[in-house]
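Open the model in your viewer and keep the selection box at hand. Each stop below tells you what to pick and what is there.

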Amino acid sequence: MPEPRERVPETPVQWASPGEFGQPAATDIRTGVATPLLAGFSIALLASVGQGPGSFRWAGATIFFLLLAGGFFTLSLQVGFRSRSKLYSRDEALSWGRINQLPDDVDERVRAEVQRRHVALWRRSQRFVQISYNAGIATLAFALSLAAAPPTRYGDDPLTGAEQGWRWGAATLGLLFTIFQVGWIVHDEFRHRKRLREARQRTGGVRP
C-alpha cells in the first residue's frame, strides 16, 4: 500500500501595503486639499498681476512662473486623482464578496495579485505626483519673490526709500524660502534614492 504523500504547505497569500501606512492619508490631503488650493491661488494671483502690471517690477516673469506653478499643481492633481483608485487594502478587495465562480482560496490569490499590481502602479504615480507638487511649491515661492520686488513707480508717484526697502526685503525673504524649499526637495530625493538602493540590495537587485 503506497504511503500517503505529505501535503506541501501553500505559501501564504501576499497582499501589498502602501509602504508607509500614513502615506494614503497624507496623499489624500495633498491631492484633495493642498494642491487645489495652491493651484487656485496661483491662478488668482496671475489674474491680479495681469490686470495691474504697473504694480510689479517684472510682471511678465511673474506671470510666467505663476502659470508654470499652476501647471505643476494641476498635473499633480490630475495624476493623483486618477491613480487613487489603484490604492486599496485587503479588506476593501474582499468586501465586494463573491464576483466569480472560483474557490475562495483561489479567488483571494487572484485578488491579491491584482492588488499588488495596482499598488505598484500607485507607487509609481505617486513619484510623479510628489515631484510635480514639489516643483509647483518651489516655482510658486519664486514667483512670489518676483511679485514682491518693487516697481519703478506707483502710478505717477515715485516709490519712497522706505517702501522700496520693505519690498526688496520681502523679495529677499521670498528667495530665501525658495532656496529652503529647493534644498528640502533635493534632500528628500536623495533619501528616497538611498532607500531604493538599500531595498534593491536586500532583494538582490529586484526593483521593490
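Start with F64. In this predicted model, F64 is exposed, because its relative accessibility of 52% is over the 50% mark. Add F65 to the selection. F65 has a relative accessible area of 24%, so this residue counts as partly exposed. The two rings, F64 and F65, form an edge-to-face pair. Their centres are 5.2 Å apart, and the planes stand at 90 degrees. Now add F142. Ring pairs join F64, F65 and F142 into a cluster. Across the whole structure, the count of aromatic pairs is five.

**Helix 2**

Extend the selection to residues 59-83, which is helix 2. Check the length with a distance between the end C-alpha atoms: 36 Å. The 25 residues, at 1.5 Å each, should span 36 Å, so the two values agree.

Colour by accessibility next. Which residues of helix 2 are buried? They are A59, T62, L66, A69, G70, F73, S76, G80 and S83. What do the buried residues of helix 2 pack against? Their partners are helix 1 and helix 4.

Stay on helix 2 and pick R82. With a relative accessible area of 63%, R82 is exposed. Draw a C-alpha to C-alpha distance from R82 to W122: 9.4 Å. In sequence, R82 and W122 are 40 residues apart.

**Helix 1**

Select residues 23-51 for helix 1. Its 29 residues should span 42 Å at 1.5 Å a residue. The end C-alpha atoms are 40 Å apart, which agrees.

Where does helix 1 bend? Centre on R30: the bend there is about 35 degrees. Keep R30 in view and show Y133. R30 lies over the face of Y133, 5.9 Å from the ring centre.

R30 is also one of the buried residues of helix 1. The others to highlight are P24, T27, T31, T35, A39, S42, L45 and V49. The buried residues of helix 1 pack against helix 2 and helix 4.

**Helix 4 and its salt bridges**

Move to residues 104-148, helix 4. Show the side chains of D107 and R111. These two form a salt bridge, with the closest N and O atoms 2.9 Å apart. Both residues sit in helix 4, four residues apart, about one turn of the helix. Are D107 and R111 buried or exposed? Both are buried.

Side chains of opposite charge can pair when their charged atoms come close. For another case, select E108 and R90. Their side chains meet in a salt bridge at 3.5 Å, N to O. This pair links distant parts of the chain: E108 belongs to helix 4 and R90 to helix 3 (residues 90-94), 18 residues apart.

Leave R90 selected and add D91. The side chains of R90 and D91 also form a salt bridge, at 3.6 Å from N to O. R90, D91 and E108 are thus linked in a network of salt bridges. How exposed is each of the R90 and D91 residues? R90 has 38% relative accessibility, so this residue counts as partly exposed. D91, with a relative accessible area of 56%, is exposed. A search of the whole structure gives five salt bridges.

**Q115**

Go back to helix 4 and pick Q115. Q115 counts as buried because its relative accessibility is 1%, and the cut-off for buried is under 20%. Now show what surrounds this residue. Leaving aside neighbours within four places in sequence, Q115 is in contact with W15, A16, Y88 and S89.

**Zoom out**

Finish with the whole chain in cartoon view. How many helices and strands are there? The chain has five helices and two strands. Follow the sequence and the pattern reads α-α-α-α-β-β-α.

Of the 208 residues, 27% count as buried. Last, switch on a contact map. Among contacts with a separation of 6 or more, 74% are between residues 24 or more positions apart.

Conventions. Residues are numbered from 1 along each chain as its sequence is written. This is a predicted model: local features need pLDDT of at least 70, side-chain atom pairs count only at pLDDT 80 or more; totals for chains, interfaces and linings use all residues. Side-chain values use heavy atoms; hydrogens and water are left out. A salt bridge is a side-chain nitrogen of Lys or Arg within 4 Å of a carboxyl oxygen of Asp or Glu. Buried means under 20% relative accessible area, exposed over 50%, partly exposed in between (1.4 Å probe, protein chains only). Rings of Phe, Tyr and Trp (its six-membered ring) pair if their centres lie within 6.5 Å; planes under 30 degrees apart count as stacked, over 60 as edge-to-face and the rest as tilted. A charge sits over a ring if NZ of Lys or CZ of Arg is within 6 Å of the ring centre and within 35 degrees of the ring normal. The expected span of a helix is 1.5 Å times one less than its number of residues. The bend at a residue is the angle between axes fitted to the seven residues ending there and the seven starting there. Contact means heavy atoms within 4.5 Å.
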